[in-house]
Each structure stands twice: as structure tokens, then as C-alpha cells.
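Me: I'm new to this one and would like a close look at a single part of it. Could you take me through it slowly?

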Amino acid sequence: MISYIRGELITIEEDKVILDVNGVGFGIYMSLQSMNYLPPIGEEVRLHTYMNVREDAIQLYGFLTRDDLNVFKLVIGVSGIGPKGGLNILSQLSPDDLRFAVMANDAKTIAATPGIGKKTAVSLLLHTKPQSTSH
């Protein structure tokens, strides 16, 4: 597992960045919201990472904060939401916006994300809603 990568920001593409780490270029997928907070090209950046291993690909997903990474892991833990869907959600909603939607039971806001339907949004609400305990 790769917990984080620190390197020089070489390129920002549509859905990923390229970091040069000691002469090796790592392609790391990121949310559009996170990309807005990257330093200028040529500057050093550290990204917390999630590595997704499939039979046909190994992909890295990068996050500026551990909180963003933890929210991403929570989201992709929901049946029907993979890493790409999780990134789509975090491209549309900041982690705080997502928390507010969950607290408000607002499936409509979550379902406005491309590729996330109402059924998946409701499933996300059920999966991430804090459980109340009765005493």
C-alpha cells in the first residue's frame, strides 16, 4: 500500500495529475475540487493516496488531506459506488457538503452527481448516517 506520494507537480490533466518522484512519473486521479487547490506546476505537493487494484489496472487516487481520503473510503464502501463514482461525488461535493447532505438526509443533492442515481444516493445515506443508540 502507498500511503502518500510527495513529488513535483508536472501536469494537471482532466481527471488526474502527474507527479515526478525521483524521476518516476505517477499518474494520480483526483477530484476536480481538490485539483483547484493544487500548487502551481513545478511545485512540490504531497497527496494521500488510495490504491485500487483491478485485474486489468492499478490506479492511484490522490487527496490533499487525510479527511478527504477518509470520506472517499467511506463513500466507496457503499455497494454500487466504486472509486470512479467516489471521485465523481467528491468532484461535485466537498467532504463538508457531503456531510451536510447526509445529516439532512438529502438524497437529491447526492443524486445530482453524474453516474449516481437516486437508489445509490439513498444507499449512501443509509450507509453513512451516524447510528443513534438508545439508552
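Which residues does Leu 98 touch, not counting residues up to four places away in sequence?

Reply: Sure, and keep in mind that this is a predicted model. Leaving out residues up to four places away in sequence, Leu 98 touches Val 71, Val 75, Ile 89, Leu 93, Ile 110 and Leu 124. To see where that puts us, zoom out a bit: the largest nonpolar core has 22 residues, and Leu 98 is listed with Ile 89, Ile 110 and Leu 124 as those with the most contacts inside it. So three of the names you just met as partners of Leu 98 turn up again here: Ile 89, Ile 110 and Leu 124.

Who builds this core? At least two residues each come from β5 (58-63), α2 (66-76), α3 (83-92), α4 (95-103), α5 (107-111) and α6 (118-128). The top giver is α2, which puts in five residues. As for the background, nonpolar side chains in soluble globular proteins tend to be buried together.

There's also another core, lying apart from the one around Leu 98. This other core has twelve residues, including Leu 9, Val 21, Ile 28 and Leu 60.

While we're at it, have a look at the strands. β1 (residues 4-12) runs antiparallel to β4 (residues 44-53), and five bridges join the two; one example is Gly 7, whose bridge partner in β4 is Val 45. β1 is also joined to β2 (residues 16-21), again antiparallel, by four bridges. There, Glu 8 stands opposite Asp 20 of β2, and a hairpin through three residues links β1 to β2.

Terms used: Residues are numbered from 1 along each chain as its sequence is written. This is a predicted model: local features need pLDDT of at least 70, side-chain atom pairs count only at pLDDT 80 or more; totals for chains, interfaces and linings use all residues. Side-chain values use heavy atoms; hydrogens and water are left out. A nonpolar core is a set of buried Ala, Val, Leu, Ile, Met, Phe, Trp, Tyr and Cys residues joined through side-chain atoms within 4.5 Å. Buried means under 20% relative accessible area, exposed over 50%, partly exposed in between (1.4 Å probe, protein chains only). Contact means heavy atoms within 4.5 Å. Two strands pair if DSSP finds at least two bridges between them.
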